[in-house]
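Visitor: Please take me on a close look at the lining of the largest pocket, and then outward from there. I work with cut-offs every day, so please spell them out as you go.

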Amino acid sequence: MNILPEHQDIAHFIQAFRLEMHRFPELSNQEFATTARIKAVLAQHQIRILDLPLSTGLVAELGDALSPHLVVLRADIDALPIEEQSGVEYASQHPGVMHACGHDFHASAALGAAILLKQIEHRLPGRVRVLFQAAEETGQGAPALIATGALDQARVIFGLHNDPSLPVGVIGSKAGALTAGVDRFDIKIAATGSHAARPHEGNDPIIILGQVIGAVQTLLSRNVPSDHNAVVSITQVHSGTTWNVIPDQAWLEGTVRTFNPQTRQLIERRLRQLLQGIGEAFDAKITLNWQPGPPSVVNDVQWVEFALAQGPAAGFTSRILEASPIGEDFAFYQQQIPGAFIMVGSGGPFALHHPAFRVDDRALFPAADYLHLLAVNALERLQ
């Protein structure tokens, strides 16, 4: 993707920033050094930073501070607890922590957009806020930022995420639900242990565990209509300590991914009913801990069409995508104001959250340019 000569310096700067950020990743709500680096660059370019009660992350603003027209761009900045195996020269220097989801790419693109917007700040027909959000991976960052008033007076919000399944030079999205609502559950079974030779003296939680696993598989097949996409996965199972003792407890954990609120509520309700019935049938105490995460990213029809239409001006080809079962706390912003979330091709070959994940930096400056054009043209549209 071609970069104009007058933009070469910015392109090199944000690429160097991304590599530095990749070398020194920080987990959710621990992004202190990352926040300081971003703040230093914003100060270097005389971009004002809002005084908000945030321990990590920050919000920059450009344009006329008194304008009623406000567009918001969002990027995330946290990393994952993954040991990097990418083999790149700029690999993580923090053991067990890695930018395996490309938040270094997102933050650097947003930083580039802010620098580009600063160059034309005197011509902006309104205000642009750039959110450098902490703690996306825990689903807690967006609600915390909303609570500070970061969206006050905002008319529309845009976010982007790299997508290694798309080639460099392609952006994509869709109207309506783009990502899944994400919930986590864990189930504890409290029964009665015994000697393995005398199982009749106990109440085997492993047998009960098997019944629970089988019942969970019916949540979709016997409750959710076939045209309503959903996923239920059990990802951990634990019980027992040795070969000749029947334990007194068992535990399992998993996740539910849904694309509409009704299905989300139905699955939780039916799971509670199933567990209550199994507990009564086997005379055991079964406890469900349901941990709701972010809802589905639901793109505004008009704004996602607008966002995709801006792609060619930044050198991108636009596509309509299928919904994805990944989770994204950008959804919380869309519960407050309309917005669009866009996927940007990062070239693969490894999936998000893979220890060998990496992005193709050829997409970086075009992503920054795209965000800056989105903001400018959205302000024009709001006039």
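Guide: Strand E12 gives the most to the lining of the largest pocket, with four residues. Helices (H or I, at least four residues) and strands (E, at least two) are DSSP runs numbered from the N terminus. E12 covers 249–258, and together with strand E8 (181–190) and strand E13 (285–292) belongs to the strands that each supply at least two residues of that lining. A pocket here is an open set of points on a 1 Å grid over the protein atoms alone, where a 1.4 Å probe fits, with protein on both sides within 12 Å along at least five of seven lines; a lining residue has an atom within 4 Å of a point. The space in this one comes to about 840 Å³, where grid points are joined across faces, edges and corners and the volume is what probe spheres set on the points fill. It has 29 lining residues, and the closest to its centre are Glu137, Thr138, Val182, Arg257 and His353.

Before we move outward, a word on the model. It is a predicted one, in which local features need pLDDT of at least 70 and side-chain atom pairs count only at pLDDT 80 or more, while totals for chains, interfaces and linings use all residues. Residues are numbered from 1 along each chain as its sequence is written, and side-chain values use heavy atoms, with hydrogens and water left out.

Now the wider setting. The protein has ten helices and 16 strands, and its C-alpha trace spans about 80 × 40 × 40 Å along the principal axes. Of its 383 residues, 54% count as buried; buried means under 20% relative accessible area, exposed over 50%, and partly exposed in between, with a 1.4 Å probe and protein chains only. If contact means heavy atoms within 4.5 Å, then among contacts between residues at least 6 apart in sequence, 81% join residues at least 24 apart.

Ser173 offers one such long-range link. Ser173 sits in strand E6 (residues 170–173) and is buried, at 0% relative accessible area. Asn299 is 126 residues away from Ser173 in sequence, yet their C-alpha atoms are 8.5 Å apart. Their side chains share a polar contact of 2.9 Å, that is, a pair of N or O atoms within 3.5 Å, where one must be able to donate a hydrogen and the other to accept it, and residues adjacent in sequence count only if both atoms are side-chain atoms. Setting aside residues up to four places away in sequence, Ser173 also touches Leu178, Val304 and Phe341, among others.

Glu61, in strand E2, is another good stop. Its relative accessible area is 3%, so Glu61 is buried. The side chain of Glu61 makes a polar contact of 3.4 Å with that of Arg127. With Arg129, Glu61 forms a salt bridge of 2.7 Å, N to O, a salt bridge being a side-chain nitrogen of Lys or Arg within 4 Å of a carboxyl oxygen of Asp or Glu. Because Arg129 lies in strand E4 (residues 127–133) and Glu61 in strand E2 (residues 58–63), the pair ties together parts that are 68 residues apart in sequence. Both partners are buried. They also belong to a network of salt bridges that links Arg48, Glu61, Lys118, Glu121, Arg127 and Arg129.

The structure holds 17 salt bridges, and two others make a useful contrast in exposure. Arg198 and Glu201 bring their closest N and O atoms to 2.5 Å; Arg198 is partly exposed at 40%, and Glu201 is partly exposed at 45%. Arg362 and Asp360 meet at 2.7 Å, N to O; Arg362 counts as exposed at 53%, whereas Asp360 is partly exposed at 22%.

Last come the nonpolar cores, each a set of buried Ala, Val, Leu, Ile, Met, Phe, Trp, Tyr and Cys residues joined through side-chain atoms within 4.5 Å. In the largest, of 66 residues, the members that touch the most others are Leu42, Leu73, Val130, Phe132 and Phe158. Helix H10 (residues 364–382) supplies the largest share of this core, 13 residues. Leu73 shows how these parts come together, since its contacts beyond four places in sequence include Val130, Phe158 and Leu371. Apart from this core lies another, of 26 residues, including Val224, Val232, Ala250 and Ile267.
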